[in-house]
Amino acid sequence: MLSEQKIDQLLSRQADIERRMSGNPDPDAYVALSKEFAELQPVVAAVRKVRAARAELTDLSQMLDDAGLDAEMREMAQAEKQELEASLPGMEHQVSVLLLPKDAADDRDAILEVRAGTGGDEAALFAGDLFRMYQRYAELRGWKLDIISVSEGEVGGYKEIIASIKGDGVFARMKFESGVHRVQRVPETEGSGRIHTSAATVAVLPEAEDVDVHIDEKDLRVDVFRASGPGGQSVNTTDSAVRITHIPTGIVVSQQDEKSQHKNRAKGMKILRARIFDAERAKRDAERAQDRRGQVGSGDRSERIRTYNFPQGRVSDHRINLTLYKLDQVLAGDALDELVDALITEDQAARLAAINDPAEA
């Protein structure tokens, strides 16, 4: 239960920020105070709602203690009291969720990487299905998706496709998509009707700024080469393709979609920065055992997180044991929110349990 002391602390903090903002602080301080004030707003609104509900419960209890209260008023007061008692735990839970430590990357844009895994041509086709699902999902949420790099499959789909997604709360919702996605279906080329299983790997990385990751030029090895299309067919007559190796981490990024070497390098550095930033976050998470227990899934790229079964028309998320018989709607992006919302709810519950249970500390 949320303590009155905690409520007082939150209201006091908001009042303090408001006072300091009105005192003409320097521009940097004002920006920082404004950000904290905006983050506190929904929390303060929720705690005020809790406090108002508790005050009303006290008033109703005092009213019901009055022996002279007429029967009709007593019945109304009792009904209101029961309704408030039923809704108060939900209000308090909402405040607890709002008070959970935020992932600092939740408000960031994201780099989406989809790669065909085991299964040959069928895996590439499935990677294409997944990428189109995310494209439609981004459209539905009003996000902007731009393709950075593409390597097409021999019969369609993608061996690899990388894109940036910009918009409100992109990483907060997309981060649960990282992992191995498995498909079970009968390929169009399968004459005997036998179901094949193949897979694609999805990585969602928070987009990093220059200030997030310092990359020293002397730590980079940059190789340039001639870009080529499928089957080695030359698509450019100049050495415009770029391969960037970050020597300290061994992370390698290749980029050849642009005709300009400069543009390929810029795109490659954007991906490299995001991968280094993500690797640093993963290392910090691994060092915080309590946070790891409070996560839905390990975030490991090799973790099998979801199965798309075409014959049965179902999608199963193995991290939360949730199955939806809405495969077409999920792949169309329409029902993906049902999975994402369930994952966010489960993640919040796990982190609340880790905070509240001394055995998990």
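**Exercise 1.** Find which residue's side chain meets that of Arg115 in a salt bridge, and decide whether each partner is buried or partly exposed.

*Solution.* The side chain of Arg115 meets that of Glu113 in a salt bridge, with N to O at 2.8 Å, where a salt bridge is a side-chain nitrogen of Lys or Arg within 4 Å of a carboxyl oxygen of Asp or Glu. The model is predicted, so local features need pLDDT of at least 70 and side-chain atom pairs count only at pLDDT 80 or more, whereas totals for chains, interfaces and linings use all residues. Residues are numbered from 1 along each chain as its sequence is written, and side-chain values use heavy atoms, with hydrogens and water left out. Next comes accessibility: buried means under 20% relative accessible area, exposed over 50%, and partly exposed in between (1.4 Å probe, protein chains only). Arg115 is partly exposed because its relative accessible area is 22%, while Glu113, with 3%, is buried.

**Exercise 2.** Locate the elements that hold Arg54 and Glu92, and classify both residues by accessibility.

*Solution.* The two side chains form a salt bridge of 2.6 Å, N to O. Arg54 belongs to helix H2 and Glu92 to helix H3 (residues 71-98), so that the pair, 38 residues apart, links distant parts of the chain; helices (H or I, at least four residues) and strands (E, at least two) are DSSP runs, numbered from the N terminus. Arg54 counts as buried because its relative accessibility is 13%, and Glu92 counts as buried at 9%.

**Exercise 3.** Work out the strand order of the open sheet that three strands form, and identify which strands stand at its edges.

*Solution.* The order is S6-S7-S8, with antiparallel pairing, and two strands pair if DSSP finds at least two bridges between them. Strand S6 (220-225) and strand S8 (251-255) each have a single partner strand, so they stand at the edges and one side of each is left without a neighbour in the sheet. S6 pairs with strand S7 (residues 241-246) over six bridges, and Val224 has Val242 in S7 as its bridge partner.

**Exercise 4.** Describe the largest nonpolar core and find which helix gives the most to it.

*Solution.* This core has 39 residues, and Leu112, Tyr134 and Val330 are among those with the most contacts inside it; a nonpolar core is a set of buried Ala, Val, Leu, Ile, Met, Phe, Trp, Tyr and Cys residues joined through side-chain atoms within 4.5 Å. Elements that each supply at least two residues include strand S1 (110-116), helix H4 (120-140) and helix H9 (336-356). H4 gives the most, with eight residues.
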